[in-house]
Amino acid sequence: MAASCARTVGSLFGKCGTCSSNINTITSRLSRQICSSSALHRKNLAAAGPEKFTVEFIQKQVEEFNIGKRHLANMMGEDTENFTQEDIDRSIAYLFPSGLFEKRARPLMKHPEEIFPRQRAVQWGEDGRPFHFLFYTGKQSYYSLMHEIYAKIQGLERQQDRLRAKGLLSSDAKPLSLGSSRWIIKEELEGIVMETVTDHDYQRFLQLMERLAGLPQAGAEGAEGGEGVWVLRFRQQLEAQASRQAVAALQADAQGRAFSTAEGRRKTSNSSVVLRDGGSGRATVNGSELLSYFPVFQDREQVMFPLQFAGVLGRLDVEAQVSGGGRSSQAGAVRLAISRALLGFLSEREMENMRQAGLLTPDPRVRERDKPGQEGARRKFTWKKR
Amino acid sequence: MGLQRVSFRLRQTVACARSIHTSGCRHLQEALAAEPERNPEPFSIFRSQESDPACQLENHVGQYYTLPPAHIQTVFPHGLPARFQLQMKTFNEGCVMVRPPALEVISYLKRADYSKPALRFLFYGVKGSGKTMSLCHTVHYCSTQGWLVVHIPDAHLWVKNCKELLPSSYNGSRFDQPLQATNWLRNFRVTNEQFLSKIQTRHRYVWTKREFTEEGRPLGELVDQGITRVKSSSDVVGAVIKELRLQSGQPEGCFRMAVAVDGLNALWGRSTIKKEDKSPVSIEELTLMHNLRKLVKNDWCGGAIITALSQTGSLYTPKTAYLPHVLLGEEGFDRMDPFVPVTVSNYSEKEFESCYLYYQDRQWLQHPQSRTEEGKKELVFMSNRNPSALERLCAFI
């Protein structure tokens, strides 16, 4: 077993000539094996177990995962070939229903790549000579990455010189189109490179990538198109958050007036609101006037805020139904429902503004449970010295 | 050509009317176009020069007229709402808005036949819509017409928080409230100075073994008796009411009586006053209330009874109640029937505009955004055009 372990390692990274298994050297080999990843280092310095995730182990896990996936698909009666991760999640949630609040504590079945932290492969052979020429820099992957980027830059520049010499340099060469994405952050770079990256290193990396991306003809087609894809590996896509909002559609009633409905919740209050167009700006809550239902100024202000922010105060009529909770939470629920209903009347940009103003965010604060051994949720019993 | 004809007509009918509906109403344009030759007015368009309620017409609706300071002291020693008094002190003037309910009642009063039993009017509406102010406007009209005004500012004050409760000397089962009665008599004297010497008593009243009021004495003496001798003041109130009721309709009587009661629902509600044995006192057992009930009964002629409901000071009524039959109860409604109900609603657009301009003119709205259109829309939304809500809102802007 240990022999095969050593052989697999050797065959995978086969640079060592002494691949013939020598059992005497196995223990020494094993003792010099994998340093755990920087992630593990940060988390528990005391108990890092170097032999935990060997490559064979990971491979075995992957095989087990695949077999398990097929079994699961069979169990659920679905297609074993096209069983995606979403299907797996759904099936596990069905087969092992959990009432735990913490999502990360619930049963999960994911690819071992996502579960086991990535580890650096062994970096030196059995004779002790490192494989990579930059090993003695201490951060071989990082520096090799920098060299790679610079090589690409040089390649592009040389190509430009060639084209200029031939006179085929087109002035409308466009630099790389990066779309709505951002450069990866330092932690993400550390995850890719598997080494500790200092701030200074990260800055240099960014500078070099900017230089590469800023070159004309970096985005051009052909061989350089490959660079675009390669650079995008180091970019994280930003989706406009607001586009994920579910927009309530505008409907029209019998008289042709546009209206939209939406619901909102806060603490234990539930509210549903109908906003009608072409009105005089009246607001009704549970059948009575806003002034009589919310005598407190603060509540009325909460209800008014989304309409005032969107600038539709005198235009839309509000009809709200609200139940549960106290006066402040009812006002908050109505406010959220109005904001959601307003989305149908607004443009994308205004929607984004509302999201940034915090109008579309449901307030997650709920009443904290009382704990045993304490007076309330936080208050402790009076401490007596004796 | 047509504009000139309009201008002549306008000049003849109205002293200086200018409607102010700023959303491009016809009246504004007509009025502005029609008065090019007049002198520019010293006041703004939301004010009216007409401070006599008798001359105020429909096209004054929404405008503020100033109460002459002399009138404020005589006619309203106790009648105006507390917040309005504060506002008067701040702005150094008392301006009342001309509103349709008050104008309606005044027009009825102008056309009424005073040989018939007294007409009863009732102002009702949601909280803060301006019932007491409409009542005060009508009272001002009556007083400028030379009527005798019996104004009870808030009947609720007589059924709660009574510090002293004496058993009545006249009727053993009833209770007196000397402090409230004396207070009221004092204010009554201030309001109706000129009538006190003219009206004579018709009966003889015996207060104690040594004190009595002969027949034929001026009413002023009766009132003074009540103010000086505090113990018998409630009975004096009863006597005054009896005299006035008897004499108001008489052809040789030179006065008309206006009875103005605010918080009418106190008369048929419950009281929180307790006897010494902690049992609650019912309304009939209070002398003042008993006499007041007799007063608002329309078995006398030569005057009018103008009343207003009030939920704010009332006892044991739900907050959302504002309709007459809810607040008066079955008994009260039957007793008051027949009456003319007058709705007092929140400000219309024009009235709101006028109020807003008035506050701006008085520099009451300090916040810079209150002068913008958005600020105005906010005010409209938050106050729902309710007069008292608007006033409280503007108080801290």
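**Close-up 1. Glu78(A) and Arg90(A) hold on to each other through a salt bridge.** In this predicted model, the N-to-O distance between the two side chains is 3.6 Å. Where do Glu78(A) and Arg90(A) lie? Glu78(A) sits in the loop between helix 4 (55-76) and helix 5 (85-95) of chain A, and Arg90(A) is part of helix 5 itself, so the pair ties together parts that are 12 residues apart in sequence. Is Glu78(A) buried or exposed? Neither label fits, because its relative accessibility is 30%, which counts as partly exposed. Arg90(A) is partly exposed too, with a relative accessible area of 44%.

**Close-up 2. Arg211(A) and Glu157(A) make a salt bridge between two helices of chain A.** Look for the closest N and O atoms of this pair: they are 3.5 Å apart. Arg211(A) belongs to helix 9 (residues 199-214) and Glu157(A) to helix 7 (residues 140-166). Along the chain the two are 54 residues apart, and the pair links distant parts of it. How accessible are the partners? Arg211(A) has a relative accessible area of 40%, so we call it partly exposed. Glu157(A) comes out as partly exposed as well, this time with 30%.

**Close-up 3. Arg378(A) meets Glu368(A) in a salt bridge.** Here the N-to-O distance is 2.9 Å. Both residues lie in the segment after helix 14 (348-357) of chain A, so their pairing ties together parts that are 10 residues apart in sequence. Is Arg378(A) buried or exposed? Arg378(A) counts as exposed, because its relative accessibility is 61%. Its partner Glu368(A), at 33%, counts as partly exposed.

**Close-up 4. Over in chain B, salt bridges join up into a network.** Which residues are linked here? The members are Arg47(B), Glu93(B), Asp361(B) and Arg362(B). If you'd like the wider picture, the structure holds 40 salt bridges over all chains.

**Close-up 5. Chain A and chain B come into contact with each other.** On the chain A side 15 residues take part, and on the chain B side 12. Together the two chains bury about 1,100 Å² between them, and 72% of that is on carbon and sulfur atoms. How many salt bridges cross this interface? The rule finds 0 of them between chain A and chain B. Polar contacts do turn up, though: there are 3 residue pairs of this kind between the chains, counting pairs with both residues at pLDDT 80 or more. Now zoom in on the side of chain A that touches chain B. Helix 11 (290-293) and helix 12 (297-310) of chain A are the elements that give two or more residues to it. Helix 12 gives the most, with 7 residues. Sorted by type, this side of chain A has 9 nonpolar, 3 polar and 3 charged residues.

**Close-up 6. Chain A as a whole is built with 14 helices and 8 strands.** Chain A has 386 residues, and 34% of them are buried. Its accessible surface comes to about 24,000 Å², with 53% belonging to carbon and sulfur atoms. What about contacts between residues at least 6 apart in sequence? In chain A, 65% of these join residues at least 24 apart.

Technical notes:
Residues numbered from 1 in each chain as written. Chains lettered and ligands numbered in written order. Predicted model: local features only at pLDDT ≥ 70, side-chain atom pairs only at ≥ 80, totals over all residues. Heavy atoms only, no water. Contact = heavy atoms within 4.5 Å. Buried area = accessible area lost by both parts, 1.4 Å probe. Salt bridge = Lys/Arg side-chain N within 4 Å of Asp/Glu carboxyl O. Polar contact = N/O pair within 3.5 Å; in protein donor to acceptor, adjacent residues only side chain to side chain. Helix = DSSP H or I, 4+ residues; strand = E, 2+ residues; numbered from the N terminus. Nonpolar A, V, L, I, M, F, W, Y, C, P; charged D, E, K, R; others polar. Buried < 20%, exposed > 50% of the residue type's maximum accessible area, 1.4 Å probe, protein only. Areas by Shrake-Rupley, 256 points an atom, 1.4 Å probe, with all protein chains shown as cover.
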